[in-house]
Each structure stands twice: as structure tokens, then as C-alpha cells.
Amino acid sequence: MRKVVLILLCGMLLVGTLFAGGQGEGEKVLQVAATFGDLGNPFFFTMGKGVEDAAKAIDPNAKVTVQSSGYDLNTQTSQMENFIANGVDIIILNAADTAGIAPAVRKAKEAGIIVVAADVNADGGVDATVTSNNYQAGTQAGEYIVKRLGGKGNIVIINGPPVSAVIDRVNGAKEVFAKNPGIKILSDNQNAGGNREGGLRVMTDLLTAYDNIDAVFAINDPTGIGADLAIKQAKRGDEMFVVGVDGAPDAVVALNDTSSSFVATPSQDPYTMATRAVQVAYEVIQGNPPKEKLILIPTTLITRDNVSEYKGWTEPE
């Protein structure tokens, strides 16, 4: 069994004091709800499985609801209101809009619900935030790009939804680029929506707009894979390379494909992130809030040189 699940099990021997797994009449069943940006993205699908597995480790009969917001604030606000109305115990929140979701978070807290932000920050008084060190991911990507270019070249940044994870990645990369005067950023404000289709669309436009692009920083792997496809279609793969973020299975395939322009990705671990978020939330219920409300999980740069050693994301059982 995965280490994280063992930690959950070992740390929850007193589960019967609050949630008895529904074994007796009238005993409370744990209710956990989660809302993620896009369940069509393997990253968030894996996070959803992590939420479910962690909840079941606490209470085998736990009721788990996992929904996709489509990165739409209104949709996510409605989801939060439904979670509150259903009286859930825990909400794992992947904010579609860090600031905009604050009123819904406050309503949930007023209703006595534990809210833990996952992957991105959320305003409104969440109990904790569990996320990858996205600034670190951005600096790792930026440093790789600068080193590969020898400190000189034209770069495009394919941006994404205005959430903290994306903002931190872009800021981390930009700080590295700013220290290297030979690096020129041609574009950094195109929102590809964090998906493959958006990456293809935005990169196609950028290839039309700029004749000389040396490197692409995409804010996640689906965006980067889409950008790689656009480059292939334009037959410009010998001119530039792409760096993403996630360490996703599709990225591993691309890294092992020598014809792909996708060459590196700082890896995350969505399953571990989600299980940790549920664990933290349950500890809050038990009266043990984390000492630090921001819990950062380090990222590791995966390239063609070390992909053979990369074990990939932690997988559900």
C-alpha cells in the first residue's frame, strides 16, 4: 500500500470517535466533497482518486463527491453552495479563481465545514493549503531553458487560468529570465486554458506572429503537449523546444519521443497532494490543525536525460 495511505491509516486509529463507518444505526458517515479545475486533465482526475481513496481510508463507507468546475467561478460557487446544503464535513477546493471564491469559502466556514485548498491558493479563510511548490517549478523550468539556450534566445510563455499555481510558475520562470539579459520574452499573456486544445490554438497563433522562437514555457503539460502538436503541424520542430509542468504520463511519452519538441517538465504528485489535503482536513476535525497553513510539496525537473529513472506520479491502488 502506498506510503501516504499507510500514514492515513496509522494516524486514524481513533476514527470511531467521530466517524464509525456507518456500521451502526445513526452513526455518522464522513462526507467529503471536492471541486477541481478540469477532470478531463489526468492531473485532476488523479487528484480526484486521491480524495476518494483518502476518505475511504478514514471511513470505508464515506460519501465522496468529486466535480469539475471547468475553471468557471460561477460553476464552482454553485458547487460550493450545494456542498454546504448537503452538509458535507470536508471540502477539498481547487479554486477556479483564488480571490473570487472567497465568499463561498466564508459561507462554508460559517456552516462549520473544513475547507482545504489543494493545488492553488484560495482566499476566504481556508483551514490549510496543500500545493506543489509552483514557484520552484517555474524556476526549474526557467533555469533549464536558459541553460539549454546558453543564456540567449527568444521565449514565449503560454499562460493559463489566473490562479495562484499558474501565477507562481510564471513568476518563477520570469525571475530567472530577468537575470539573463540575453533572454527576450516575446509573449506571456495568452491564456490557453490549461488544456491541450488551448495550447494548440495559442501556439499556432504565436507561430504565425513570430518568425524566431527558440523556446516555449507552457504552464502545464497538457498546454505543452498542445504546443508541441502545433509546432509539428507547422514543421518547425527543429527551431525550438517546449518545457511544461506536471510530470504527467503524456509528458513522459513525449520525453521518450525524439521527434517531439517537448523536452522537460518539473514533476508534481497529484495523488499525494490530494491524499495529504484530506488527511490535513481530518486532522483539523480532530482538533489538530497544521502548524503551518501552507504545505508545500517539492517538484523535481524531469528531462530526456533522467526520464528513464522517473517513476511517475503515485498511482491509486
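Start by selecting A33 and T65: in this predicted model, A33 sits opposite T65 of strand β2. Now widen the selection to residues 31-36, which form strand β1; this strand pairs with β2 in the parallel sense, over six bridges.

Next, select the helix at residues 73-85. This is α3, which packs on the sheet and touches β1, β2 and β3 (90-93). Look along both axes and you will find the direction of α3 at about 180° to that of β1.

Move on to residues 270-285, helix α10. This helix also packs on the sheet, where its contacts are β3, β4 (114-118), β5 (128-132) and β11. The direction of α10 makes about 155° with that of β4.

Now bring up the whole sheet. It is open, with six strands in the order β2-β1-β3-β4-β5-β11 and parallel pairing. Why do β2 (63-68) and β11 (294-297) each have one side without a neighbour in the sheet? Both stand at the edges with a single partner strand, so one side of each stays free of a neighbour there. On average, neighbouring strands of the sheet are turned by 15° against each other, direction ignored.

Time to look at the nonpolar interior. Select I92, V116, M203 and V216: among the 54 residues of the largest nonpolar core, these touch the most other members. Helix α10 supplies the largest share of this core, eight residues.

Zoom in on V116. Setting aside neighbours within four places in sequence, V116 is in contact with I91, I92, L93, A128, V130, A277, V280 and A281.

For a last stop, select L93, A165, V170 and V263, which are included in a second, separate core of 41 residues.

Key: Residues numbered from 1 in each chain as written. Predicted model: local features only at pLDDT ≥ 70, side-chain atom pairs only at ≥ 80, totals over all residues. Heavy atoms only, no water. Pairing = 2+ DSSP bridges. Helix = DSSP H or I, 4+ residues; strand = E, 2+ residues; numbered from the N terminus. Axes fitted to C-alpha atoms, helices over the stretch in contact; angles between N-to-C directions. Contact = heavy atoms within 4.5 Å. Core = buried A, V, L, I, M, F, W, Y, C linked by side-chain atoms within 4.5 Å. Buried < 20%, exposed > 50% of the residue type's maximum accessible area, 1.4 Å probe, protein only.
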